[in-house]
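Grab the viewer and work through these exercises at your own pace. Each one gives a task, then a solution in steps.

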Amino acid sequence: MAGKRGGESTGKRAAAAAARILSNPNASTAAKSAAGSALTQRRSTEVTSAKAASAAARTLANPRASAAAKSAAASALTQRAGKRGR
């Protein structure tokens with residue numbers, strides 16, 4: 001569901017990391033999905049889709065993922081819609 005939440009967007013450092021992931025031919029599909037989502041939200045209030053959030057979670061759980069990939073994934077997850085209650 002594509003709702004909006006106010007105030008959050010991808011920061012400069014996370015956007016730079018996401019750009020590096022997208023230009024890396026060896027980056028995984030999940031990392032590229034998370035990076036694309038993070039970049040989409042650079043100057044926007046759009047939220048991360050469930051599919052992109054799942055890809056971001058897989059990237060964060062991958063011990064072989066680069067720091068840049070994990071940064072982009074964390075940014076994408078921070079902006080996901082419908083966070084579960086704690």
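**Exercise 1. Work out how α1 and α2 are oriented to each other, and which residues do the packing**.

Step 1: α1 and α2 are oblique to each other, because their packing angle is about 140 degrees. The cut-offs here are under 35 degrees for roughly parallel, over 145 for roughly antiparallel, 65 to 115 for roughly perpendicular, and oblique for the rest. The two axes lie 9 Å apart; axes are lines fitted to C-alpha atoms, for helices over the stretch in contact, and angles run from 0 to 180 degrees between N-to-C directions.

Step 2: Check the hand. α1 passes α2 in a left-handed crossing, meaning that the near helix is turned anticlockwise from the far one by less than a right angle (clockwise would be right-handed).

Step 3: List the residues. From α1 come Ala15, Ala18, Ala19, Ile21 and Leu22, and they meet Ala31, Lys32, Ala35, Gly36, Ala38 and Leu39 of α2.

Before going on, a word on the model: it is predicted, so local features need pLDDT of at least 70 and side-chain atom pairs count only at pLDDT 80 or more, while totals for chains, interfaces and linings use all residues. Residues are numbered from 1 along each chain as its sequence is written, and side-chain values use heavy atoms, with hydrogens and water left out.

**Exercise 2. Sketch the overall layout of the chain**.

Step 1: Count the elements. The chain has 4 helices and 0 strands, where helices (H or I, at least four residues) and strands (E, at least two) are DSSP runs, numbered from the N terminus. In sequence order the pattern reads α-α-α-α.

Step 2: Look at burial. Of the 86 residues, 35% are buried (under 20% relative accessible area; exposed is over 50%, partly exposed in between; 1.4 Å probe, protein chains only).

Step 3: Look at contacts, meaning heavy atoms within 4.5 Å. Taking those between residues at least 6 apart in sequence, 62% join residues at least 24 apart.

**Exercise 3. Describe how α4 packs against α2 and against α3**.

Step 1: Start with α2. Its axis and that of α4 are 8 Å apart, at an angle of about 55 degrees, so this pair is oblique. The crossing of α2 and α4 is left-handed. On the α2 side, the contact uses Ala31, Ala34, Ala35, Ser37 and Ala38, and on the α4 side Ala69, Ala72, Ala73, Ser75 and Ala76.

Step 2: Move to α3, which covers residues 50-61. Here the axes come within 9 Å and cross at roughly 140 degrees, so α3 and α4 are oblique too. α3 also passes α4 in a left-handed crossing. Ala53, Ala56, Ala57, Thr59 and Leu60 of α3 touch Ala69, Lys70, Ala73, Ala74, Ala76 and Leu77 of α4.

**Exercise 4. Find the largest nonpolar core and the helices that feed it**.

Step 1: Get the term straight. A nonpolar core is a set of buried Ala, Val, Leu, Ile, Met, Phe, Trp, Tyr and Cys residues joined through side-chain atoms within 4.5 Å.

Step 2: Pick out the members. The largest core has 11 residues: Ala17, Ala18, Ile21, Ala27, Ala31, Ala35, Ala38, Ala65, Ala68, Ala69 and Ala72. At least two residues each come from α1 (12-23), α2 (29-40) and α4 (67-78). There's also a second, separate core of 6 residues, including Ala53, Ala56, Ala73 and Ala76.

Step 3: Zoom in on two members. Alanine 17 belongs to α1 and is buried, at 2% relative accessible area. Beyond four places in sequence, alanine 17 contacts Ala68 and Ser71. Alanine 31 sits in α2 and is buried as well, at 4%; not counting residues up to four places away, alanine 31 touches Ile21, Thr59 and Ala69.

**Exercise 5. Is threonine 10 buried or exposed, and what does it touch?**

Step 1: Place the residue. Threonine 10 is in the segment before α1.

Step 2: Read the area. Threonine 10 is buried, because its relative accessible area is 1%.

Step 3: Name the partners. Leaving aside neighbours within four places in sequence, threonine 10 is in contact with Ala15, Ala38, Gln41, Arg42, Ser75 and Gln79. The C-alpha atoms of threonine 10 and threonine 45 are 9.5 Å apart, with these positions 35 residues apart along the chain.
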